[in-house]
Amino acid sequence: MLTVYGYIRSGNCLKVKWLLDRLGRDYRWIETDVVSGVTRSPEFLALNPAGQTPTVVLEDGRVLAQSNAIIGYFGEGTPFIPADPYDRARMYEWLFWEQYSHEPYIAVVRFQRLLGGKRADEIEPRLMERGHAALARMEAALADTDWLVGDGPTLADLALVAYTRVAPEGDFDLGAYPAVVAWIGRVEDAFGIR
């Protein structure tokens with residue numbers, strides 16, 4: 001059976017879970033608390049030398065890591081990967097941007113506040129500035145369209161909603177981003193996220 005090693009509080013892990021659920025795939029979820037250090041155990045490192053979740057073990061025993069690579073694998077042949085080469089490239093552009101210019105700020109601040117117990121005044125200001133810059137870019141992109149790419153939800157929307165929807169847990173007030181807030185609702189509906 002398909003097995004997912006994931007941490008339920010991680011947006012990167014949840015995007016894999018949400019896609020598998022939306023596609024009706026059977027899988028076994030193994031809760032893997034990254035805070036506990038289990039991902040640094042010899043057993044886990046033998047599975048994934050990077051020591052990260054999500055990690056997926058396919059039915060045939062092959063292993064996949066990195067959330068956007070995983071959703072790309074499971075998204076093949078679905079409407080969530082555009083058929084048009086340009087739109088597909090734009091989807092990948094957003095996926096790369098999410099891991100480089102969004103997640104390192106929005107998710108990191110959320111982690112430090114929610115799980116690390118840091119007070120707001122202990123958060124590095126640059127993280128907040130760059131997180132707001134990421135949200136502003138999304139707001140501009142969504143000002144005149146319902147989706148990040150094309151006429152329907154793609155993996156770009158799924159990837160970016162994971163941490164955007166919980167950005168307030170990192171003290172990012174989404175009130176200044178009404179297009180983003182409306183988009184979150186659409187993506188949650190499209191993927192059955194509750």
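**From the sheet to the helices**

Helix α3, which spans residues 67-75, lies across β3 and β4 and runs at about 125° to β4. The model in which this arrangement is seen is a predicted one, and the sheet that carries these strands is a good place to begin.

The sheet is open and consists of four strands in the order β2-β1-β3-β4, with mixed pairing. Its edge strands are β2 (28-31) and β4 (63-65), each of which pairs on one side only, and from one strand to the next the twist averages 20°. The mixed character can be followed at β1, residues 3-6, which pairs with β2 in the parallel sense over four bridges, whereas β1 and β3 run antiparallel and are joined by three bridges. Val-4 takes part in both pairings, since its bridge partner in β2 is Trp-29 and its bridge partner in β3 is Val-56; for Thr-3, the bridge partner in β2 is Arg-28. The residues of β1 point in two directions, with Thr-3 and Tyr-5 on one side and Val-4 and Gly-6 on the other, and all of them are buried.

Helix α1 (residues 11-22) packs on this sheet, where it touches β1, β2 and β3 (55-57), and its direction makes about 150° with that of β1. Together, β1, α1 and β2 make a β-α-β unit that is right-handed.

Further along the chain, attention turns to helices. Two packed helices are described by the angle between their axes and the distance between the axes. For helix α6 (residues 155-164) and helix α7 (residues 178-191), the axes come within 10 Å and cross at roughly 115°, and the crossing is left-handed. On the α6 side the contact is made by Asp-157, Leu-158, Leu-160, Val-161 and Thr-164, and on the α7 side by Val-180, Trp-183, Ile-184, Val-187 and Phe-191. Sorted by class, this contact of α6 with α7 has eight nonpolar residues, one polar residue and one charged residue.

A single residue of another helix, Ile-106 in α4 (residues 85-114), completes the path. Ile-106 counts as buried because its relative accessibility is 0%, where the cut-off for buried is under 20%. Leaving aside neighbours within four places in sequence, Ile-106 is in contact with Gly-131, Leu-135, Tyr-163, Ala-167 and Phe-172. By way of reference to another part of the chain, Ile-106 and Arg-25 are 81 residues apart in sequence and, from C-alpha to C-alpha, 29 Å apart in space.

Key: Residues numbered from 1 in each chain as written. Predicted model: local features only at pLDDT ≥ 70, side-chain atom pairs only at ≥ 80, totals over all residues. Heavy atoms only, no water. Pairing = 2+ DSSP bridges. Axes fitted to C-alpha atoms, helices over the stretch in contact; angles between N-to-C directions. Contact = heavy atoms within 4.5 Å. Left-handed = near helix turned anticlockwise from the far one by under 90°. Nonpolar A, V, L, I, M, F, W, Y, C, P; charged D, E, K, R; others polar. Buried < 20%, exposed > 50% of the residue type's maximum accessible area, 1.4 Å probe, protein only. Right-handed = clockwise from strand over helix to strand, strands pointing away.
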